[in-house]
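Grab a pencil and work through these exercises with the structure open beside you. Try each task on your own before you read its solution.

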Amino acid sequence: MKTRTLLTVVALCMFLTAAAGEQTALRDSILRQITGAKKPQKQIIITALGAKGDGRTDCKKAFDRAMRKAAKVGGAHIVVPEGTYLINGPIHLVSNLCLELQEGATLMFSPTPSHYLPAVKTSWEGTFLWNYSPFIYGYGLHDISIIGKGTIDGNAGSTFATWRKSQKEAQMRSRRFNHEERPVEERRFGDGDWLRPHLLQLYNCKNITIEDVFITNSPFWCIHLLQSENIVCRGIRYDAKLVNNDGIDPEMSRNILIEDIHFNNGDDNVAIKSGRDNDGWSAATPSENIIIRNCHFKGLHAVVIGSEMSAGVRNVFVEDCDYAGYCKRGIFVKTNPDRGGFVENLFVRNCVFDEVEDLFYVTSMYAGEGMDNTHFSDVRNICVDGIECRKARQAGIVLQGTKAKPIKNVSLRNVNIAEVRNAISFDNTEGVTMNDCHLGGKAGVPSQAAPKDNLFK
């Protein structure tokens, strides 16, 4: 708790003095706390336990057997050799585990929904509940690694990807349970509710490394880091374009490094969340100390904070990132008067985009929801130093606060957009500064008056 409080104080002082060196000091103090997982030494080859990489044999029992064996000996390094391993159900991880998918290895999950029951304790769009098990799931664990050049294939296109049109009733019921503060044990969902499971969820875990794997065809969000800490996500590759295939969703989690990721997602690349409405306020566990660097964005939005952010988000760094293809929005902070909470200490430095709809968009009126409510969000201390874009089809920089709680303390430096339709749109803001910004191109030397320009002759 002392470390967390110190980081918050340092962050605020750093913003007020606006010194790049102090930003770097805060970032480096966070990095020193992030180590990822310790890897166990004992090795288990999954084929020695009966798994066959022929793409037809169900390997669920072999993986369950491997987890039991790893737990019994205090941890293990499970190696999955080249081949396609059909798994008719979830893999439930254990502590002190390294799951290595070697190059050419594919975990091919069953698309049959009943294989992911019974339900487990999870969350869905920021609300705690019981639902279908995530395909790879860990709860209350420590020291988890998922590494290697192999593939995790959710294989969800024929079933789960079609569920969104049917989810509304259960989605609204989950939100009602949230607002009523119904005990989580009573929030039971499953068959007939159409709430899609996550591909990989680590819940209440610490010391995590996810590195190099290729992810595709997820049933819902790809990697969900829920109430977890000390996490390294590095070198992951995506071709995940099914419905709501977010890349990485840290939620109520802290001390996270996301670097060298090649995104190609059907939704947000990184979406930082911290619980929805009453569940977020009750948990009071912010997402904090998150560094995103050297990533290549492609998909809907590059980096998003919200809209489920009721427990708050702070100390987020986005540095030295660029684009691998089209993004609808670059940086997107979204909340509304339903959410409450706060977003503070967001630092964006040296990022490049090509063509977007909006480059930098911060709104406290997301989706027009909650405008009759009173849970206004505090959005403050945003520093941008170096962001470029070839073309913004709609807006360059948008700041939309509320009269009750304006967006405060925003510093914009070295923002360059070659072509933009609506350069700036600010509503309900306080303390916004701009330096060395060129929106719609940089003006050159003014022309000299010619004799024919004389208006008084």
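Let's start with a term you'll need throughout: buried means under 20% relative accessible area, exposed means over 50%, and partly exposed is in between (1.4 Å probe, protein chains only). This is a predicted model, where local features need pLDDT of at least 70, side-chain atom pairs count only at pLDDT 80 or more, and totals for chains, interfaces and linings use all residues. Residues are numbered from 1 along each chain as its sequence is written, and side-chain values use heavy atoms, with hydrogens and water left out.

**Exercise 1. Find the partner of D279 in a salt bridge, and work out which parts the pair ties together.**

Step 1: Get the rule straight. A salt bridge is a side-chain nitrogen of Lys or Arg within 4 Å of a carboxyl oxygen of Asp or Glu. The structure holds 34 salt bridges.

Step 2: Look around D279. Its partner is R187, with the closest N and O atoms 2.7 Å apart.

Step 3: Place both residues. D279 lies in helix 5 (residues 277–283) and R187 in the loop between helix 4 (168–180) and strand 13 (200–203), so this pair ties together parts that are 92 residues apart in sequence. Helices (H or I, at least four residues) and strands (E, at least two) are DSSP runs, numbered from the N terminus.

Step 4: Check accessibility. D279 is buried at 7%, and R187 is buried at 3%.

**Exercise 2. Is R293 buried or partly exposed, and what about its salt-bridge partner E259?**

Step 1: In this salt bridge, the closest N and O atoms of R293 and E259 are 2.8 Å apart.

Step 2: R293 sits in strand 22 (residues 287–293) and E259 in strand 20 (residues 254–259), so the pair links parts 34 residues apart in sequence.

Step 3: R293 has a relative accessible area of 22%, which makes it partly exposed. E259 comes out at 8%, so it is buried.

**Exercise 3. Describe the surroundings of H198.**

Step 1: Find H198 in the loop between helix 4 and strand 13.

Step 2: H198 counts as buried, at 1% relative accessibility.

Step 3: Look for a polar contact (a pair of N or O atoms within 3.5 Å; within protein, one must be able to donate a hydrogen and the other to accept it, and residues adjacent in sequence count only if both atoms are side-chain atoms). The side chains of H198 and Q201 make one, at 3.5 Å.

Step 4: List contacts, meaning heavy atoms within 4.5 Å. Leaving aside neighbours within four places in sequence, H198 touches T122, S123, P134, F135, P219, F220, W221 and H224.

**Exercise 4. What kind of aromatic pair do F332 and Y361 form?**

Step 1: Recall the rule. Rings of Phe, Tyr and Trp (its six-membered ring) pair if their centres lie within 6.5 Å; planes under 30 degrees apart count as stacked, over 60 as edge-to-face and the rest as tilted. The structure holds 19 aromatic pairs.

Step 2: Warm up on F135 and F160, which are edge-to-face at 5.7 Å centre to centre, with 65° between the planes. Both F135 and F160 are buried.

Step 3: Now solve the task. The ring centres of F332 and Y361 are 5.7 Å apart and their planes are at 75°, so this pair is edge-to-face.

Step 4: F332 lies in strand 25 (residues 322–334) and Y361 in strand 26, so the pair ties together parts 29 residues apart in sequence. F332 counts as buried at 4% relative accessibility, and Y361 counts as buried at 17%.
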